[in-house]
Amino acid sequence: TKLTKNAFSKKIDFEEIAKFPFMRRDYSLLIDVGISFDAIREIAFKTENRILKHVTLFDVYEGKSLPKGKKSYAISFIFQDKNRTLTDVQIDKVMDKLLKNFKKTFEVELR
């Protein structure tokens, strides 16, 4: 049938299951309404591209309790090293560096 004929026509790429655990950290950032999540993600990967694996936006809030022209982004950062288990100290250093670059680039505040 067509389904089985085409099922194996493309090369299948796979990646070995990671031997070391991932670590997740979150930030809630107060930012200008004009800043997109894509811009935040871009700066995150420019800041750390070796162990930072995923940057995910999991909540956006705009409302009365925030200053005018501001919104809140809740962002999750997933870190993983293929060669070793990461420590809290390593992740904390990267998170500090991320926040510093977000502040410098977008003038964000932690919420």
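In strand β3 of this predicted model, Tyr 73 is the bridge partner of Leu 29, and this pairing offers an entry point to the architecture of the sheet. Ten residues make up β3, and 9 of its 10 residues are buried, so that the strand is described as mostly covered. Antiparallel pairing joins β3 to β1 through 10 bridges, while 8 bridges join β3 to β2, again with the two strands running antiparallel. Within β3, Ser 72 serves as the bridge partner of Tyr 61.

The sheet as a whole is open and consists of 4 strands in the order β2-β3-β1-β4, with antiparallel pairing. Because β2 and β4 (residues 109-110) stand at the edges and each has a single partner strand, one side of each is left without a neighbour in the sheet. The connection of β4 to the sheet is made through β1, to which β4 is joined by 2 bridges in an antiparallel arrangement; here Leu 30 stands opposite Glu 109 of β4.

Helix α2 packs on the sheet, where α2 touches β2 and β3, and the direction of the helix makes about 150 degrees with that of β2. Helix α3, in turn, lies across β1, β3 and β4 and runs at about 15 degrees to β1. In the complete protein there are 3 helices and 4 strands, which follow the pattern α-β-α-β-β-α-β when read along the sequence.

The packing of α2 can be followed at the level of individual residues. Phe 37, Ile 40, Ile 43, Ala 44 and Thr 47 are the buried residues of this helix. Because these residues cover an arc of only 125 degrees around the axis, they are placed on the same side of α2. The partners against which the buried residues of α2 pack are β2 (52-61), β3 and α3 (88-106).

Aromatic side chains supply a further set of links between these elements, and 3 aromatic pairs were counted. In one of the pairs, the ring centres of Tyr 27 and Phe 77 lie 6.0 Å apart with the planes at 80 degrees, and the pair is therefore classed as edge-to-face. Distant parts of the chain are linked by this pair, since Tyr 27 belongs to strand β1 (residues 23-32) and Phe 77 to strand β3 (residues 70-79), at a separation of 50 residues. Tyr 27 and Phe 77 are both buried.

A second edge-to-face arrangement is formed by Phe 37 and Tyr 73, for which the centres of the rings are 6.5 Å apart and the planes stand at 80 degrees. Because Phe 37 is located in helix α2 (residues 37-47) and Tyr 73 in strand β3, the pair ties together parts that are 36 residues apart in sequence. As in the pair described above, both residues, Phe 37 and Tyr 73, are buried.

Tyr 27 and Phe 77 also belong, together with Phe 102, to one aromatic cluster. A ring elsewhere is approached by a charged side chain: Arg 24 lies over the face of Phe 58, at 5.3 Å from the ring centre.

Taken over the whole protein, 33% of the 111 residues count as buried. Among the contacts with a separation of 6 or more, 73% are accounted for by residues that are 24 or more positions apart.

Technical notes. Residues are numbered from 1 along each chain as its sequence is written. This is a predicted model: local features need pLDDT of at least 70, side-chain atom pairs count only at pLDDT 80 or more; totals for chains, interfaces and linings use all residues. Side-chain values use heavy atoms; hydrogens and water are left out. Rings of Phe, Tyr and Trp (its six-membered ring) pair if their centres lie within 6.5 Å; planes under 30 degrees apart count as stacked, over 60 as edge-to-face and the rest as tilted. Buried means under 20% relative accessible area, exposed over 50%, partly exposed in between (1.4 Å probe, protein chains only). A charge sits over a ring if NZ of Lys or CZ of Arg is within 6 Å of the ring centre and within 35 degrees of the ring normal. The arc is that of the directions from the helix axis to the C-beta atoms. Contact means heavy atoms within 4.5 Å. Two strands pair if DSSP finds at least two bridges between them. Axes are lines fitted to C-alpha atoms, for helices over the stretch in contact, and angles run from 0 to 180 degrees between N-to-C directions.
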